[in-house]
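Have your viewer ready and a selection box open. This short tour goes from one selection to the next and says what you will find at each stop.

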Amino acid sequence: MSWHGITTVARLELRQRVRTSKWVVVLAVWFAVIALVTVLSYLALHDPQVRSGAAMYDIVIFFVLGLGMLVVPSLTATSINGDREHGVLATLQTTLLTSADLVLGKLLAAWAIAGAFLVTALPFLVWAWVEGGVPVGRILLSLVVLMLVLAVVCALGLMFSTLTARPVASAVLTYLAMGALVFGTVIGFSLTAFLVSDEETVRVHGIPNSWYENESQPFNPDGTPQEPTGPTPADCVEHDEVRNVTHTERIWWMLPLNPFVVVADAAPSDPPNDQGLYAGFTPMRWISAGARMARLGETGEVRQECYVGDGGQEPPDPMEAAAKSAGVWPFGLGFLLLSGAGATLLAHRRLRTPVRRLPNGTRIA
Amino acid sequence: MLTEGDPARGIEVVGVRRAFGDVLAVDEISLTARPGEVTALIGPNGSGKTTLMLMLASLLVPDRGTIRIDGHDPVVAPAEVRRRIGWMPDGFGTWDALTVREVLETIAAAYRIPSIQARARVEALLHTVHLADLADRRARVLSRGQKQRLGLARALVNDPSVLLLDEPASGLDPRSRIELRDILRSLAAQGRTVLVSSHILTELQEVADRAVIVARGRSIETQRLDADTVSTGLAGWRIDSLDPHLLGDFLRRHNVPTQQVHGGLLEVEVAGEENAARLLTDLVGAGVRVTAFTPTRGALESAYLAATEDRQ
């Protein structure tokens with residue numbers, strides 16, 4: 001493996017891409033679509049009360065990720081078995097290029113093209129920044145995470161293209177893998193939620209149900225019933241209650257496997273002061289808080305539910321609390337990067353020559 | 001630099017076998033190809049020629065047996081082998097979007113040839129294979145024969161000492177074939193080892209020093225194709241005459257075994273060109289008016305047909 005070898009392969013790949021496809025047209029369409037979405041969301045969400053930068057940032061980042069996950073697999077998912085079908089792979093394998101050069105070169109080329117798509121979307125992120133509400137650091141962090149996620153997508157496509165003989169099969173497998181990451185994780189989380197739900201006894205600090213049963217209505221001296229006073233904070237006691245509890249802390253790990261959760265949780269915009277978590281249309285912030293809440297799950301601590309009277313607590317919003325806890329994205333990004341590295345390694349092994357075992361239906365040249 | 005005497009140089013294949021699943025592509029092939037010679041690999045379709053080439057080109061591991069290319073084992077030291085070989089596969093593609101020159105420059109880069117050197121090398125190769133005037137055209141627009149010549153140039157980029165050419169003549173027009181023959185001869189004359197597989201036997205007979213005949217995955221025999229072999233080998237000759245009875249009588253009298261073939265031609269088997277020439281002189285001397293006296297097939301063809309007779 002050498003840098004020279006990797007760039008030789010990458011240059012060859014890029015040259016072919018640029019000449020065989022109408023990349024200018026594709027990029028122009030991409031730019032136009034993002035422009036349209038950004039302008040429409042600006043018009044829809046422009047609100048003098050809430051700075052709309054955060055909403056635009058969320059929409060543009062998610063849109064770029066979504067569209068990127070559609071476009072990027074097509075860059076690598078057919079690149080190795082396609083080359084084999086065209087009879088141009090073996091002629092490189094008999095040169096001094098190693099299989100690592102081939103794999104990393106192809107990966108680098110695909111990643112560079114993914115980067116070109118991201119760069120095309122940059123003006124809209126700048127616009128979101130100008131609108132305000134999102135610090136530059138956040139935007140940069142999500143761009144870095146976005147690029148890493150797209151690199152993983154490239155690597156997965158490349159791996160599948162070494163696993164199947166036919167380009168169609170590897171393209172389908174790559175999109176299925178994308179589907180598993182994006183939809184499969186959410187579906188898996190929702191479907192397994194019932195497995196971790198159960199009736200359980202929990203400790204609660206609050207007004208026990210027995211208080212209402214025991215509290216006989218006092219009567220005035222004249223025999224008419226007194227106005228009910230209701231419980232006061234002094235009536236709050238610790239007690240056991242049987243409740244339906246969902247232990248999402250056992251299944252939360254499925255959520256950050258989702259690239260959207262990773263990108264959202266890496267750099268959610270801060271809620272504007274005094275307006276709460278739900279101000280504006282900010283799906284990234286909600287996804288982030290939701291995933292973090294799922295991780296916190298059931299803590300086993302005493303639940304503070306003494307929501308009575310003037311001295312009582314305000315019912316805390318669990319989302320608000322979760323949003324302040326540590327992010328789940330390092331876990332998800334770690335998983336994605338490991339899968340990407342594993343995929344690259346597997347592709348490298350599958351491209352090693354001389355070949356001892358040839359899988360059914362594949363030709364070496 | 002290239003010494004013919006070194007026994008380690010050239011191609012040495014001993015008892016190689018390779019199966020794909022339950023399909024036995026190469027059963028047992030042994031061959032030696034020496035530097036300075038053109039060795040022909042001939043055999044019917046599906047006899048394992050291409051599979052053998054893939055193993056020699058360091059792409060496939062043989063199930064059994066050993067391969068040495070200039071003394072290096074392609075399984076253990078593929079990089080050493082790749083440095084030394086030029087492989088022209090049977091049925092290959094090109095990067096359609098690249099120009100002819102860019103294709104060769106890419107291959108040069110893949111061999112880590114510095115770009116200034118590579119440019120000169122590519123220019124020289126383009127002239128060798130007569131593609132200089134097409135150098136800046138896309139590889140896509142080349143005809144089959146031109147692509148074949150580009151493939152040959154590609155195999156020569158790294159100045160290989162061992163050339164593996166799988167059906168290099170297919171798709172070439174007569175002029176290109178003659179040029180290919182000259183190129184192969186001059187490559188061998190430079191001390192390189194050249195292994196060519198082909199079906200076109202007459203052509204190989206003119207260019208090859210040695211022929212290895214393979215059938216059903218086995219090497220049947222190795223035959224030298226130098227002038228001695230050809231002039232002494234048993235070959236068939238067809239004779240036509242204006243006096244068929246006189247001709248028949250003469251041959252019977254001299255106990256020459258004959259065979260009647262269609263069109264009134266007689267076919268005789270004679271060992272070597274010397275004897276054939278004497279027979280012709282005698283016939284003419286006996287007053288037989290001979291109008292045609294031609295070899296039925298070359299020595300290579302005879303050997304090939306004999307070796308592959310029992311083909312399924």
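What follows is a walk through a predicted model, with a stop at the contact between the chains and another inside chain B.

**Stop one: where the chains meet**

Start by selecting the residues of chain A and chain B that are in contact. You should pick up 26 residues from chain A and 31 residues from chain B. Now keep the chain A side and colour α1 (3-20) and α6 (90-93), the elements of chain A that give two or more residues to the side touching chain B. Which of the elements gives the most to this side? That is α1(A), with 7 residues. Recolour the side of chain A that touches chain B by residue class, and the picture splits into 12 polar, 11 nonpolar and 3 charged residues.

**Stop two: the domains of chain B**

Next, select 11-225 of chain B for domain 1 and 234-307 for domain 2, following the domain assignment. Taken over C-alpha atoms, the centres of these domains of chain B are 39 Å apart.

**Stop three: between the domains**

Where do the domains of chain B touch? Contact involves 12 residues of domain 1 and 6 residues of domain 2. On the domain 1 side, highlight α7 (201-207), β8 (210-215) and β9 (218-224) of chain B, each of which supplies at least two residues. The largest share of that side comes from α7(B), with 4 residues. Finish by colouring the domain 1 side by class: 8 nonpolar, 3 polar and 1 charged residues face your selection of domain 2 of chain B.

Note on methods. Residues are numbered from 1 along each chain as its sequence is written. Chains are lettered from A and ligands numbered from 1 in the order in which they are written. This is a predicted model: local features need pLDDT of at least 70, side-chain atom pairs count only at pLDDT 80 or more; totals for chains, interfaces and linings use all residues. Two residues are in contact if their C-beta atoms, placed from the backbone, lie within 7 Å. Ala, Val, Leu, Ile, Met, Phe, Trp, Tyr, Cys and Pro count as nonpolar, Asp, Glu, Lys and Arg as charged, and the others, Gly among them, as polar. Domain bounds come from an automatic or database domain assignment.
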